[in-house]
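User: I've got this model open and I'd like a close look at one part of it. Please walk me through the second half of the first chain, and then how that region ties in with what surrounds it.

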Amino acid sequence: MKGNEAIANAAIRCGADAFFGYPITPQSEIIETLALLKPWETTGMVVVQAESEVSSINMVYGGAGAGKRVLTTSSSPGIALMQEGISYMAGAEIPGVIVNVQRGGPGLGTIQPSQSDYFQATRGGGNGDYNVIVLAPNSVQEMADFVDLAFELAFKYRNPAMILSDGVIGQMMEKVVLPPFKPRRTEEEVRKECPWATMGRTKDREPNILTSLELKPEVMELRNIHLQEKYQTIRDNEVRYEAQQCDDADYIIVSFGSAARIGEKAVELARAEGIKVGLFRPITLWPFPSKEIAAAAKGKKGILVSEINAGQMIQDVKLAVNGALPVEHFGRLGGIVPDPEEIVNVLKDKLMR
Amino acid sequence: MANDIIAPENLVYKKPELMNDTPMHYCPGCSHGVVHKLVAEVIEEMGMSEKVVGVCPVGCAVFAYRYLDIDWQEAAHGRAPAVATAIKRLWPDRLVFTYQGDGDLACIGACETIHALNRGENLTMIFINNAIYGMTGGQMAPTTLIGQKTATCPYGRDPKIHGYPLNITELASHLEGTCYVTRQSVENVGAIRKAKAAIKKAFTASMEGKGSSLVEIVSTCNSGWKLSPVKANQWMEEHMFEKYVKGDLKNTLDE
């Protein structure tokens with residue numbers, strides 16, 4: 001099935017309570033698939049087509065704030081509209097899942113794939129000092145697998161989690177093993193897992209108030225420090241990555257998502273020519289596998305950061321290796337997906353002269 | 001002597017249990033305190049104290065969660081109807097309401113307001129219309145009257161420059177998803193009693209799955225209007241009620 005369809009199926013199977021979304025290419029198959037499958041008749045999952053992405057994300061805020069497993073999906077321009085809501089979720093520590101099937105920008109841009117929302121996803125995206133957990137799938141299988149993972153991480157840390165995909169992964173068809181069915185949590189289970197949730201104040205506890213507002217700067221600073229400590233815990237515990245053929249390599253290609261898929265082929269082509277190249281794929285873009293990249297880069301001759309944008313993740317790679325070796329960039333823009341041959345040629349041009 | 005009459009059997013009035021003793025940040029003379037009390041009373045009378053979730057706006061009522069001991073979510077400016085939609089859809093047996101001002105409900109959140117009402121979400125919007133932005137210091141609201149002076153229309157609202165006052169409650173009454181749309185006020189005992197009955201009717205309808213309700217409370221903002229509380233009430237009666245006529249605009253409940 002398509003990557004987008006995998007997201008919809010995985011959401012139902014992993015016990016999601018609700019989906020709120022607004023159609024946008026190239027990810028409308030997600031809400032269309034949910035509408036066809038009618039999960040409200042089987043698992044009881046709620047599916048609402050909202051009036052805008054602004055409303056979608058605030059429905060996620062409301063539903064997840066009431067302790068439920070809620071997701072929304074969109075593509076780049078729609079995700080831009082959601083940034084206010086994501087910032088409020090981070091501030092009020094509300095867990096929820098956001099899927100971005102990226103397309104090229106800026107503005108209305110194109111409906112073709114891109115990875116140009118990397119900065120927006122990994123730097124917070126809205127106002128204030130915050131981070132969103134960002135998972136980057138490189139296959140239809142990972143589109144399916146990451147839905148439950150994103151929910152688990154979101155609720156573990158009471159933080160929004162994003163699946164940063166793109167039009168390539170959303171639209172391509174692959175074989176996929178869907179996750180086993182997991183029932184939606186009962187009211188008692190929600191109460192136990194989410195003692196902070198607004199589901200009606202019982203006499204045995206104080207009222208639950210979810211807000212990101214605090215006018216006293218001394219208190220607000222403490223809240224921010226609490227958030228920063230939480231982000232550090234996430235950095236310490238949740239880094240995920242994949243390294244292919246990096247041990248004997250002279251050069252490393254660093255790519256995420258669909259670019260990493262193309263990078264696998266580039267590695268194969270380069271090795272056929274006798275050039276020892278490895279692939280390092282960050283799976284969590286935030287927290288970023290900085291230490292792991294620095295370790296993998298030891299003794300290598302250079303790194304090529306290949307991403308479908310004008311050079312965004314390269315900043316994190318450069319910070320990770322801190323000048324220890326040359327780091328070059330390759331990217332195509334405006335919805336063009338690069339060929340593996342191009343990547344090998346750029347690697348030769350920029351790093352092997 | 002005075003202490004002798006303080007006994008439970010002599011009690012004729014008390015603060016609702018859901019209202020705590022936190023000093024309110026509202027200006028003396030403001031309508032918010034009265035409406036908060038009515039909401040608390042209705043929740044208690046319906047026996048919903050443990051099954052209610054409120055959604056606060058951005059505006060003067062941003063701190064409503066400080067005063068009523070129930071579960072609350074603080075929404076981004078204008079987004080309360082979207083937030084409430086999800087809570088109600090996911091916990092259908094809970095009483096869910098939003099509490100919003102004119103800037104929040106009728107301006108920045110007009111889209112969310114109209115669509116939540118039009119979907120017929122089983123929730124109630126309490127709409128405080130005082131024709132001015134109180135929290136930010138008295139700027140023009142979507143409901144500011146023609147000729148009314150505010151910080152951003154200091155020479156009076158001129159439709160050529162500022163457009164016309166938006167009667168969103170009227171608009172809501174034409175939406176198929178609404179079951180009860182009413183306009184009330186709280187300047188005297190009679191009005192307060194009517195307003196309370198309206199809130200109770202709306203809350204009851206939302207629990208019975210009848211659709212969306214909008215209860216507008218035409219209110220004063222004596223600080224923003226730069227009038228004493230008494231004069232603000234007079235000004236409201238003389239000017240606001242002409243444009244914002246009180247009474248039910250839609251009532252499918254008694255049919």
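Analyst: A quick word on the names: helices (H or I, at least four residues) and strands (E, at least two) are DSSP runs, counted from the N terminus. Bear in mind too that this is a predicted model.

A good way in is A:Pro287, which sits in the loop between strand 11 (284-286) and helix 12 of chain A. The peptide bond leading into that proline from A:Trp286 is cis, with omega near 0°. Helix 12 itself covers 290-297, and it is one of the elements that the buried residues of helix 13 of chain A pack against.

So let's move on to helix 13, residues 313-321 of chain A. Its buried residues are A:Met313, A:Ile314, A:Asp316, A:Val317, A:Ala320 and A:Val321. Look down the helix axis and these buried residues fall within an arc of 160°, so they line one face of helix 13. That fits the usual geometry: an α-helix has 3.6 residues a turn, so residues three or four places apart point the same way. Besides helix 12, the buried residues of helix 13 pack against helix 6, strand 9 (251-254), strand 12 (302-306) and strand 13 (327-330) of chain A. Just past the end of helix 13, A:Asn322 takes a positive phi of about 50°.

Now zoom out to the domains. The assignment for chain A gives domain 1 (3-188) and domain 2 (241-351), and their centres, taken over C-alpha atoms, are 27 Å apart. Across the boundary, 24 residues of domain 1 of chain A are in contact with 21 residues of domain 2. On the domain 1 side, helix 6 (118-122), strand 5 (133-135), strand 6 (160-166) and helix 8 (167-171) each supply at least two of the touching residues. Helix 6 of chain A has the largest share, with four residues. By type, the domain 1 side divides into 13 nonpolar, 10 polar and one charged.

While you're at helix 6, check the loop between strand 4 (96-102) and helix 6 of chain A, where A:Pro106 lies. Here's another cis peptide bond, from A:Gly105 to A:Pro106, with omega near -5°.

Strand 4 has another loop worth a glance, the one between helix 5 and strand 4 of chain A, where you'll find A:Glu93. Phi of A:Glu93 is near 55°, a positive value in a residue other than glycine. With 19 C-beta neighbours inside 10 Å, A:Glu93 counts as partly exposed; the bar for buried is 20 or more.

Last stop, the partner chain. Chain A puts 33 residues into the contact and chain B puts in 28. On the chain A side, helix 5 (83-92) is among the elements supplying at least two residues, as are helix 3 (53-65) and strand 7 (209-210). Helix 3 of chain A gives the most, with seven residues.

Strand 7 of chain A also runs parallel to strand 2 (residues 71-74) of chain B, joined by two bridges. In that pairing A:Ile209 has B:Trp72 as its bridge partner, and A:Leu210 stands opposite B:Gln73. The result is an open sheet of eight strands with mixed pairing, in the order 7(A)-2(B)-1(B)-3(B)-4(B)-8(B)-7(B)-9(B). Strand 7 of chain A and strand 9 (247-251) of chain B stand at the edges with a single partner strand each, so one side of each is left without a neighbour in the sheet.

Definitions and conventions
Residues numbered from 1 in each chain as written. Chains lettered and ligands numbered in written order. Predicted model: local features only at pLDDT ≥ 70, side-chain atom pairs only at ≥ 80, totals over all residues. Domains from an automatic or database assignment. Contact = placed C-beta atoms within 7 Å. Nonpolar A, V, L, I, M, F, W, Y, C, P; charged D, E, K, R; others polar. Pairing = 2+ DSSP bridges. Buried ≥ 20, exposed ≤ 12 C-beta atoms within 10 Å, placed from the backbone. Arc of directions from axis to C-beta.
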